[in-house]
Amino acid sequence: MSASEDIVFTCPHCGETMTVNPAMRDALSSNGCVVCGAAVDGDAFAPAEQSCT
């Protein structure tokens, strides 16, 4: 997985934050948060910042 594909998910209900790939984003959108089960929408995802190393 390249850094350009990384997406940060933040649950709007429980606040859980994790870096996911596009397939995981699709699963979260379909099934909800893996921690609390809350429904999520596109606002719960943001592009991951790339580090300069």
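Two strands are said to pair if DSSP finds at least two bridges between them, and the views below use the word in this sense for a predicted model.

**View 1. A sheet of three strands.** The strands of this predicted model form an open sheet of 3 strands in the order β2-β1-β3, and their pairing is antiparallel. β2 and β3 (45-47) stand at the edges with a single partner strand each, so one side of each is left without a neighbour in the sheet. From one strand to the next, the twist averages 30°. Strands of a sheet pair through backbone hydrogen bonds, and they may do so in a parallel or an antiparallel manner.

**View 2. The hairpin of β1 and β2.** Strand β1 covers residues 7-10, while strand β2 covers residues 17-20, and the two run antiparallel and are joined by 4 bridges. Together they form a hairpin in which 6 residues lie between the strands. Gly15, which belongs to the turn, has a positive phi of about 85°.

**View 3. The pairing of β1 with β3.** On β3, too, the partner is β1, and 3 bridges join these two strands, which run antiparallel. One residue pair can be followed here, since the view shows Phe9, whose bridge partner in β3 is Phe45.

**View 4. The surroundings of Thr10.** Thr10 is found in strand β1, and its bridge partner in β2 is Thr17. The side chains of Thr10 and Thr17 are also joined by a polar contact of 3.5 Å. When residues up to four places away in sequence are not counted, Thr10 touches Gly15, Glu16, Thr17 and Ala44. Of these, Ala44 is 34 residues apart from Thr10 along the chain, yet the C-alpha atoms of Thr10 and Ala44 are separated by 5.2 Å. Is Thr10 buried, partly exposed or exposed? Its relative accessibility is 35%, and because buried means under 20% and exposed means over 50%, Thr10 counts as partly exposed.

**View 5. Helix α1 and its two ends.** Helix α1 spans residues 22-31, and Asn21 caps its N-terminal end, with a side-chain oxygen of Asn21 lying 3.1 Å from the backbone nitrogen of Ala23. After α1 comes Gly32, a residue whose phi is positive, near 90°.

**View 6. The helix against the sheet.** As described above, β1 is joined to β3 by 3 bridges. α1 packs on the sheet that contains these strands, touching β1, β2 and β3, and the direction of α1 makes about 130° with that of β2.

Definitions and conventions. Residues are numbered from 1 along each chain as its sequence is written. This is a predicted model: local features need pLDDT of at least 70, side-chain atom pairs count only at pLDDT 80 or more; totals for chains, interfaces and linings use all residues. Side-chain values use heavy atoms; hydrogens and water are left out. Buried means under 20% relative accessible area, exposed over 50%, partly exposed in between (1.4 Å probe, protein chains only). Contact means heavy atoms within 4.5 Å. A polar contact is a pair of N or O atoms within 3.5 Å; within protein, one must be able to donate a hydrogen and the other to accept it, and residues adjacent in sequence count only if both atoms are side-chain atoms. Axes are lines fitted to C-alpha atoms, for helices over the stretch in contact, and angles run from 0 to 180 degrees between N-to-C directions.
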